[in-house]
Amino acid sequence: MDREENYICRCEEVTEEEIRAAIRGGARSVQEIKRWTRSGMGICQGRTCRRLVERILAEELGLSPGEAEPSSFRPPVRPVSLDSMDGSKE
Amino acid sequence: MTIRADVTVLGAGVNGMSTAYELCKRGRSVVLVDKVVMGAGASGSCDDMILLQSKKPGILLEMAFRSLELFRDLEKELPCDIEFDTRGGTILIETPEELAVMEDFVASQNRHGLAVEIVDARRIRELHPHVTDRVIASTYSARDSQVNPMLLMKGFFLGATAKGLTFLRRSRPESLSPRNGRWEIKLSTGETLETGSVVNAAGAWANEICGLLGLEFPIAPRKGQVLVTEQLPPLGATNVWSAQYIVSKLRPAGVPAPGAAPWMSGPEEARKAADFGLGFAFTGTHSGNYLIGSTRENAGFDKTTVPEALGLLARQVIHYFPVMKDVHFIRTFAGLRPSTPDGMPVIGEVPGFPGFFMAAGHEGDGIALSPITGRVTADLVEGRKPEFSLESFRPERFLEGQGDLDEAASG
């Protein structure tokens, strides 16, 4: 598949080529790739692309997939309305 | 393996990277070391604002002015876009009492060359159509700006790498020893660095490095929690804070926190908010996500986000911008600002340890001051006179009573 048309992060529309270019440019961790390309920073918070990015990173660095550092997770698991954080409304 | 270079910079946050970039630009060989990756501390867990209005008139405001000029150069000079933008900033005022305080503060800013005006209720609604009816006035400064900290660090990294930077990730110094007028640094990853100077730019973690020399600075983590919203169309023209936030930031020790805000359930919640050091900072990023902050907590190195604090932040933003009640947040994070007791960073050579420099302790001003910090720190390392007097930032101010420093250095 054409790497320039292969969307890894669908929320932020980041292609495989952009991820590989970030690694070639010096990004060496999922955290750095995320911050350089925005992959994983969209509405699904990396649910789709997390594993793919880890795999591409391992591949570019010549590591086995298990050796690549896993992505970080941050709450919430899915989008939450600001209004629902009002404890006084329970 | 031994790596010889001119300078070791410890800490790949925005100030370490700015210093490394500046030194590389001047033809120095630099090794940058971080115990995690770039931007793993406060520089990667913050908002995007370059605030002039929040600076106390004085050296920090002057340095922020200079940084703003330098950001305009960096925007052209760095190899990637850094999303630098000057949208202006407003501080929302809800009560006549706040208005009186802010009028004084604004007058003092204008005397120091920062053009800020107080705008009336009608004008603030032109700038922010969604703002609550309770807002009676606002400050406005056209010069408040923003930059994407992630891309700024990427730019410093790519720019420095093109000029020969060596970057070692996931590595930390295990010993720092003066050797024949140079420094020998043994790293946890096995390398030995031998460099003429060492710059400690490790932010809230600066004391982990100072501890290797038997030194301790009162640089302590001050936690800030932030909510990130889904992407939205622009809600208004500028970045926004509340007068309450500025009061919280500038309040001298001993002055009591303000009482309950109108949206709080009562004194108990006001106390909780005060414990969290709750303030209001609301900024839209280039990607359309809004950042809703923040707290100022002394919670050690804990970086978890707490539902109670997030609830206060959510209710506060709905109070100021009722339209936000229908908005979702997609992420939360906390960052650890490197704070000092006098609110000033520590920048300078440490007496008794020639060639060992501090560039840490910027608290919430790290991004805004990074261009000028990199320059003055590079000047110090090169033995040049910096363009600002760094008197207020001298490390000595915190080192009284820490033994005989000369003896420590020769030992």
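These are my notebook entries on a predicted model of two protein chains, A and B.

**Entry 1: chain A alone**

I started with chain A. I counted three helices and three strands in it. Read along the sequence, they follow the pattern β-β-α-α-α-β. Next I looked up how spread out the chain is. Its radius of gyration is 15 Å, while the globule rule gives 12 Å for 90 residues. The value is well over the rule, so chain A is more spread out than a compact globule. I also took the spans along the principal axes. The C-alpha trace of chain A covers about 50 × 25 × 20 Å.

**Entry 2: inside chain A**

I looked at helix 3 of chain A, which covers residues 50–61. A:E54 and A:R51 join their side chains in a salt bridge there, at 2.9 Å from N to O. Why are these two separated by about one helical turn? They are three residues apart in helix 3, and that spacing explains it.

Then I checked the peptide bonds. The one between A:P75 and A:P76 is cis, with omega about -5°. I placed A:P76 in the loop between helix 3 and strand 3 of chain A.

**Entry 3: chain B alone**

I turned to chain B. It has 11 helices and 18 strands. Its radius of gyration is 22 Å. A compact globule of 411 residues would come near 22 Å, so chain B agrees with the rule. Its C-alpha trace spans about 65 × 45 × 40 Å along the principal axes.

**Entry 4: backbone oddities in chain B**

I found a cis peptide bond in chain B as well. It joins B:G293 and B:S294, and omega is about -10°. B:S294 sits in the loop that runs between strand 15 (289–293) and helix 9 (307–320) of chain B.

I also noted B:R170. Its phi is positive, about 50°, although the residue is not a glycine. B:R170 belongs to the loop between strand 8 (166–168) and strand 9 (173–179) of chain B.

**Entry 5: where the chains touch**

How many residues are in contact between the two chains? I read 26 residues of chain A against 37 residues of chain B. The buried area between them is about 2,700 Å². Carbon and sulfur atoms give 58% of that area. In chain A, the residues that lose the most area to chain B are A:R35, A:W36 and A:L82. Together they account for 29% of what the chain A side buries.

**Entry 6: polar links across the interface**

I counted two salt bridges between chain A and chain B. One of them links the side chains of A:E32 and B:R169, at 2.9 Å from N to O. Over all chains the count is 37 salt bridges. I also counted 12 residue pairs in polar contact between chain A and chain B.

Which elements of chain A supply the touching side? Helix 2 (30–37) and strand 3 (80–81) each give at least two residues. Helix 2 gives the most, with four residues. I sorted the residues on this side of chain A by kind. There are 10 nonpolar, seven polar and nine charged.

**Entry 7: a sheet that crosses the chains**

I followed strand 3 of chain A next. It pairs with strand 16 of chain B, residues 328–339. The pairing is antiparallel and runs over two bridges. At one bridge, A:S81 has B:H328 of strand 16 as its partner.

I then traced the whole sheet. It is open, has nine strands and shows mixed pairing. The order is 3(A)-16(B)-12(B)-15(B)-14(B)-13(B)-4(B)-6(B)-5(B). Which strands stand at the edges? Strand 3 of chain A and strand 5 (117–120) of chain B do. Each has a single partner strand, so one side of each is left without a neighbour in the sheet.

Last, I checked one pair within this sheet. Strand 4 (residues 89–93) and strand 6 (residues 137–141) of chain B run antiparallel, joined by five bridges. B:I93 stands opposite B:A137 of strand 6.

Conventions:
Residues are numbered from 1 along each chain as its sequence is written. Chains are lettered from A and ligands numbered from 1 in the order in which they are written. This is a predicted model: local features need pLDDT of at least 70, side-chain atom pairs count only at pLDDT 80 or more; totals for chains, interfaces and linings use all residues. Side-chain values use heavy atoms; hydrogens and water are left out. Contact means heavy atoms within 4.5 Å. Buried area is the accessible area (1.4 Å probe) that two parts lose on being put together, summed over both. A salt bridge is a side-chain nitrogen of Lys or Arg within 4 Å of a carboxyl oxygen of Asp or Glu. A polar contact is a pair of N or O atoms within 3.5 Å; within protein, one must be able to donate a hydrogen and the other to accept it, and residues adjacent in sequence count only if both atoms are side-chain atoms. Ala, Val, Leu, Ile, Met, Phe, Trp, Tyr, Cys and Pro count as nonpolar, Asp, Glu, Lys and Arg as charged, and the others, Gly among them, as polar. Two strands pair if DSSP finds at least two bridges between them. The radius of gyration is taken over C-alpha atoms; the globule rule is 2.2 Å times the number of residues to the power 0.38.
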